[in-house]
Amino acid sequence: MIYVIISVVFLFMMTTLGASGVLLNERNEDSRIGKYILSISIGIMIATATFALLVPAMELREGIPGFFQVVFGFLGGCFILLLLDKITDCELRAATKMKSFMFAMTLHNIPEGITVALAFNVWSLNPQDKGLLIAAITLSAGIAVQNVPESFALAMTIKNAGYSKVRAFVYSMLTGVVEPIFGIMACIMNSQLKSFMPFLLAYAAGTMLHITVEELIPDIMGDKNRALPTFGIMTGILCMIIMEMVQ
């Protein structure tokens, strides 16, 4: 249990570290710079949904039930937000855009905390196997490193939406609170949560991709000059590819 607590708290600390980057940003970005930062955020979110959520969900599926968990989890993440968007008044959509984005990021952080806890639980069943311990520590470190650019990108996106730097920091930081909470829960409810991991991962991926496509991409693709935001998206995706390869 102590290893799980240390690891999931470390994940939250790295999320906080990434979010704090917005406090060091003195410039008030507009147009080109702001859109470039937002486009990098979009690239990070797309890559995260793919590499950190969908791929592990497909790897964890077991037989036909696992197949349907991934499919319905992904569709559920996409279409539940789409349904909520349809029944929400148009005047409220702009006000709730960042809340939806934060919701997607929070959902993305839940499976991360659970995954780390389950990795250490596997090692606890075979404490003599140092390889399992190293694998769990490596997984925890890899997720923690990814939390830094993700939370910074979210904080900058919130700031560019008109919020103060302090609020952007706090809101981005709070999305990581679920990691220690659900990590400890997963440690206690190991077998029950493990069977639902494909669904949880796919649902979080569907939610994140929906928010990215529905809310964020239209914000940066409204102008005729699309080269800069396109390059920003590619930059964000490349950053996450590099992080995946060096883990």
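**Helix packing in a predicted all-helical chain**

Methionine 243 is found in helix 10. The model described here is predicted. Outside its immediate sequence neighbours, up to four places away, methionine 243 touches Val145, Gln146 and Pro149. One of these partners, glutamine 146, lies 97 residues from methionine 243 in sequence. In space, the two C-alpha atoms are 7.2 Å apart.

Helix 10 covers residues 227-246. Its 20 residues, at 1.5 Å a residue, should span 28 Å. The C-alpha atoms at its ends are 29 Å apart, which agrees with that expectation. Buried positions in this helix are Pro229, Gly232, Ile233, Gly236, Met240 and Met243. Viewed down the axis of helix 10, the buried residues fall within an arc of 100 degrees, so they line one face of the helix. The other side of helix 10 carries exposed residues: Ala227, Phe231, Met234, Met245 and Val246.

The overall architecture is helical. The chain contains ten helices and zero strands. Read from the N terminus, the order of elements is α-α-α-α-α-α-α-α-α-α. Of the 247 residues in the chain, 46% are buried. Contacts across long sequence separations are frequent in the count: among contacts between residues at least 6 apart in sequence, 86% join residues at least 24 apart.

Helix 1 spans residues 2-20. For its 19 residues, 1.5 Å a residue gives an expected span of 27 Å. The end C-alpha atoms of helix 1 are 27 Å apart, in agreement. Its buried residues are Val4, Ser7, Val8, Leu11, Met14, Thr15, Thr16, Gly18 and Ala19.

Two packing partners of helix 1 were examined. Two packed helices are described by the angle between their axes and the distance between the axes. Helix 6 comprises residues 165-174. The axes of helix 1 and helix 6 come within 9 Å and cross at roughly 155 degrees. An angle over 145 degrees counts as roughly antiparallel. Helix 1 and helix 6 are therefore roughly antiparallel to each other. Their crossing is right-handed. On the helix 1 side, the contact is made by Phe12, Thr15, Thr16, Ala19 and Ser20. Helix 6 contributes Phe169, Ser172 and Met173.

Serine 172 belongs to helix 6. With a relative accessible area of 0%, serine 172 is buried. Beyond neighbours within four places in sequence, serine 172 is in contact with Thr15, Ala19, Ser151, Leu154, Ala155 and Ile158. Thr15 and Ala19 are among the helix 1 residues that make the contact with helix 6. Both are also buried in helix 1.

Helix 7 (residues 178-188) is the second partner of helix 1 considered here. The two axes come within 8 Å and cross at roughly 160 degrees. That angle makes helix 1 roughly antiparallel to helix 7. The crossing of helix 1 and helix 7 is right-handed. Helix 1 supplies Val4, Ile5, Val8, Val9, Leu11, Phe12 and Thr15 to this contact. Glu179, Pro180, Gly183, Ile184 and Cys187 come from helix 7. Of the helix 1 residues in this contact, those buried include Val4, Val8, Leu11 and Thr15. Phe12 and Thr15 take part in the contact with helix 7, and also in the contact with helix 6.

Other pairs bring together residues far apart in sequence. Histidine 210 is located in helix 9, residues 197-220. Histidine 210 is buried, at a relative accessible area of 11%. Alanine 104 is 106 residues away from histidine 210 in sequence. Their C-alpha atoms are 8.8 Å apart in space.

Valine 55 sits in helix 2, residues 31-60. Its relative accessible area is 30%, and valine 55 is thus partly exposed. Along the chain, valine 55 and alanine 205 are 150 residues apart. The separation of their C-alpha atoms is 9.9 Å.

Technical notes
Residues numbered from 1 in each chain as written. Predicted model: local features only at pLDDT ≥ 70, side-chain atom pairs only at ≥ 80, totals over all residues. Heavy atoms only, no water. Helix = DSSP H or I, 4+ residues; strand = E, 2+ residues; numbered from the N terminus. Expected span 1.5 Å × (residues − 1). Buried < 20%, exposed > 50% of the residue type's maximum accessible area, 1.4 Å probe, protein only. Arc of directions from axis to C-beta. Axes fitted to C-alpha atoms, helices over the stretch in contact; angles between N-to-C directions. Parallel < 35°, antiparallel > 145°, perpendicular 65-115°, else oblique. Left-handed = near helix turned anticlockwise from the far one by under 90°. Contact = heavy atoms within 4.5 Å.
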